[in-house]
Amino acid sequence: GELLQLNRGSIAELMRPPSLVRLDNYGSYLQFSALAAPTFESRSGELPSRPRSLRVDFVVGRNWLITIHDQEVGYLRAFRGQDKADTETGALSAGALAASLLDWHLEGFFTEVSHIEATVDELDERILGAPSDAGLLETILSLRRRTSALRRTLMAQRSIFYGLGRPDLSRIVDGEGTGAFASLANRFERAVDEIEHTRDLSVGSFELFTSRSAQQTNDLDKALTFFTVIIGTTAAVAGLFGMNFNPPFFQSGSIGFFAVTLGLFVVGLAAWIVGKRQRWI
């Protein structure tokens with residue numbers, strides 16, 4: 001702080017536990033925070049627990065930039081890893097470098113959206129193939145939770161991506177950085193749209209699940225009704241032969257009993273074959 005002549009309030013803000021995302025103007029530099037795309041800690045066979053989002057603080061001066069974070073940050077590592085030879089990255093201004101890092105920051109949200117969309121595609125296939133799978137509803141709930149956490153985290157940073165392009169901050173960052181921040185706001189809006197689309201996909205999976213469950217219930221009702229008719233017909237015939245009359249057929253003994261039983265079985269089997277061909281069951 002002494003080396004860069006940071007404000008005491010600025011240092012205090014960096015030292016305190018994470019709070020709301022803010023964009024502060026300290027005259028000679030800007031200070032703001034960015035929350036990385038949330039990751040979920042899960043155990044095998046269990047729903048993901050609370051999402052964990054890594055906070056990175058940015059301090060951007062006229063010709064210097066600092067990032068403060070507690071652990072390794074994926075998009076900062078990816079930014080460094082993209083350079084495979086001598087590049088012109090070092091010629092970037094502090095504002096342009098901050099905009100570039102924030103663009104990589106947004107890429108983490110796009111990547112998470114791609115993972116969710118792939119999971120939704122697999123989930124839809126499972127729903128169509130095995131709608132009675134007990135784990136489907138839990139998977140849908142997990143997707144909704146992931147999407148909601150993703151959207152909530154990104155929208156909490158709206159003031160950062162829109163605020164960096166405001167005219168009152170243009171005197172701190174150079175013209176190159178101002179233009180990059182304007183493009184960054186458009187990319188932020190696209191990320192929000194992608195997450196909204198992903199949320200619609202998860203809702204669509206739930207609707208598909210309920211539709212397949214309803215269809216499965218209807219099929220079961222049709223089968224139960226069909227078999228009830230067969231059993232009812234068999235019971236009616238058996239009741240008919242149990243009437244208190246004494247016709248000659250009732251005197252046929254065991255032969256008549258087995259003949260009636262076989263006849264009822266054949267009728268039931270024929271009804272089952274017809275129902276199967278007509279797709280009633």
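This is a short walk through a predicted model, going from the sheet to a helix pair and then to the salt bridges.

**Stop 1: the sheet**

Start by selecting strands β1, β2, β5 and β6. Together these four strands make an open sheet, ordered β1-β2-β5-β6, with antiparallel pairing. Colour β1 (23-25) and β6 (65-68) separately: they are the edge strands, each pairing on one side only. If you look at how neighbouring strands sit against each other, the turn is 15° on average, ignoring direction.

Now zoom in on the middle of that order. How many bridges join β2 to β5? There are six, linking residues 30-35 of β2 to residues 55-60 of β5, and the two strands run antiparallel. For one pair to click on, pick Ala34: it stands opposite Val56 in β5.

**Stop 2: where α2 meets α3**

Next, show residues 74-81 (helix α2) and 94-129 (helix α3). The two helices pack at an angle of about 115°, and their axes are 9 Å apart. The crossing of α2 and α3 is right-handed. To see the contact itself, turn on side chains for Tyr75, Leu76, Ala78 and Phe79 on the α2 side, then Leu97, Ser100, Leu101, Trp104 and His105 on the α3 side. Colour by class and you should get seven nonpolar residues, two polar ones and no charged ones.

**Stop 3: salt bridges**

Time for the charged side chains. The count for the model is 10 salt bridges, and a few are worth selecting one by one.

Stay close to α2 in your selection list and pick Glu72 and Arg77. Their closest N and O atoms are 3.7 Å apart, forming a salt bridge. Glu72 is partly exposed, at 45% relative accessibility, and Arg77 is partly exposed with a value of 45%.

Move on to Glu112 and Arg146, whose side chains meet in a salt bridge at 2.8 Å, N to O. Glu112 belongs to helix α3 and Arg146 to helix α4 (residues 136-155), so this pair ties together parts that are 34 residues apart in sequence. Are these two buried or exposed? Both Glu112 and Arg146 are buried.

Finish with Glu13, Arg22 and Asp24, which salt bridges with shared partners join into one network. Within that group, the side chains of Glu13 and Arg22 meet at 3.7 Å, N to O. Switch on a surface here: Glu13 is buried at 8% relative accessibility, while Arg22 is partly exposed, with a relative accessible area of 40%.

Definitions and conventions
Residues numbered from 1 in each chain as written. Predicted model: local features only at pLDDT ≥ 70, side-chain atom pairs only at ≥ 80, totals over all residues. Heavy atoms only, no water. Axes fitted to C-alpha atoms, helices over the stretch in contact; angles between N-to-C directions. Left-handed = near helix turned anticlockwise from the far one by under 90°. Contact = heavy atoms within 4.5 Å. Nonpolar A, V, L, I, M, F, W, Y, C, P; charged D, E, K, R; others polar. Pairing = 2+ DSSP bridges. Salt bridge = Lys/Arg side-chain N within 4 Å of Asp/Glu carboxyl O. Buried < 20%, exposed > 50% of the residue type's maximum accessible area, 1.4 Å probe, protein only.
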